[in-house]
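Please look through the sequence and the model shown here before reading on. The report that follows takes up a few residues and their surroundings, one group at a time.

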Amino acid sequence: AVMDPECREPSIRGAFPVNSISWFDAIEFTRKLTAFWHKNLPENLPAAGRNLAYARLPTESEGEYAARGGARVSEAEFRSKRFPMEGDISDYAWNNSSGSANGKPRPIGLRNPNPVGLYDILGLSEEFVLEPFRANNVGRPHGQAGGIVTRGGSVFDEPQDLRTAM
């Protein structure tokens with residue numbers, strides 16, 4: 001609805017994550033969503049003086065904080081590879097196993113949320129962050145500086161490999 005000026009009829013396609021887009025497409029989405037909000041819902045937006053809120057991708061730190069459970073988890077839980085879960089990883093994340101997505105896209109929001117109420121933080125579809133990749137962590141396999149950072153893994157990842165810092 002945000003990207004298509006004709007605002008087509010709702011369909012099952014809208015229940016699936018948007019994949020195979022560029023980082024620039026994601027930035028364009030946030031720009032258009034902001035324009036829609038400012039035009040149609042300005043009274044519902046937080047403001048700082050005359051400046052209204054706007055949409056943007058999260059920074060890597062913001063995304064990691066939200067994915068791990070933020071202030072709703074203990075310090076020990078926050079430092080874990082995954083947010084606290086009751087049950088199996090497949091209760092929270094679509095992944096590449098026969099009991100889950102088996103590498104095929106699935107509708108959003110059908111698994112359990114993380115502690116702050118966010119769905120599909122792990123698995124399903126990788127999520128962009130705002131800033132580019134920087135080689136700043138010793139001992140971690142590095143990509144090309146200036147490359148794109150995504151988080152959370154996808155339906156192509158094995159359940160044991162899914163973690164918030166993926």
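## Two unusual backbone angles

Asp-120 is found in the loop between α3 (75–79) and β3 (127–128), where helices (H or I, at least four residues) and strands (E, at least two) are DSSP runs, numbered from the N terminus. Although Asp-120 is not a glycine, it has a positive phi of about 60°. At 9% relative accessibility, Asp-120 counts as buried, given that buried means under 20% relative accessible area, exposed over 50%, and partly exposed in between, with a 1.4 Å probe and protein chains only.

Ser-20, which is likewise not a glycine, has a positive phi of about 60°. Ser-20 lies in the segment before α1 (23–40), and with a relative accessible area of 81% Ser-20 is exposed.

A note on how these values arise is useful here. The model is predicted, and for that reason local features need pLDDT of at least 70 and side-chain atom pairs count only at pLDDT 80 or more, while totals for chains, interfaces and linings use all residues. Residues are numbered from 1 along each chain as its sequence is written, and side-chain values use heavy atoms, with hydrogens and water left out.

## A network of salt bridges

How many salt bridges does the structure hold? The structure holds six, a salt bridge being a side-chain nitrogen of Lys or Arg within 4 Å of a carboxyl oxygen of Asp or Glu. Glu-60, Glu-64, Arg-68 and Arg-151 are linked in a network of such bridges, and the table lists pairs from this group.

| Salt bridge | N to O distance |
|---|---|
| Glu-60 and Arg-151 | 2.4 Å |
| Glu-64 and Arg-68 | 2.3 Å |
| Arg-151 and Glu-64 | 2.2 Å |

The pair of Arg-151 and Glu-64 links distant parts of the chain, with Arg-151 in strand β4 and Glu-64 in helix α2, 87 residues apart. The salt bridge between Glu-60 and Arg-151 also joins distant parts of the chain, since Glu-60 is in helix α2 (residues 60–68) and Arg-151 is in strand β4 (residues 150–151), 91 residues apart. Glu-64 and Arg-68, by contrast, are four residues apart in helix α2, and therefore they are separated by about one helical turn.

Are these residues buried or exposed? Both Glu-64 and Arg-68 are buried, and for Glu-64 the relative accessibility is 13%. Arg-151 also counts as buried, at 13% relative accessibility, whereas Glu-60, at 22%, counts as partly exposed.

## The nonpolar core and a buried asparagine

The largest nonpolar core (a set of buried Ala, Val, Leu, Ile, Met, Phe, Trp, Tyr and Cys residues joined through side-chain atoms within 4.5 Å) has eight residues in all, namely Ala-67, Phe-83, Ile-89, Tyr-92, Ala-93, Ile-121, Leu-122 and Leu-162. When its neighbours within four places in sequence are left aside, Ala-67 is in contact with Phe-83, Asn-114, Ile-121 and Thr-164, where contact means heavy atoms within 4.5 Å.

Asn-95 is found in the loop between α3 and β3, and with a relative accessible area of 0% Asn-95 is buried. Leaving aside neighbours within four places in sequence, the residues in contact with Asn-95 include Ser-90, Ser-154, Asp-157 and Leu-162. The side chains of Asn-95 and Ser-90 are joined by a polar contact of 3.4 Å, a polar contact being a pair of N or O atoms within 3.5 Å, of which, within protein, one must be able to donate a hydrogen and the other to accept it, and residues adjacent in sequence count only if both atoms are side-chain atoms.
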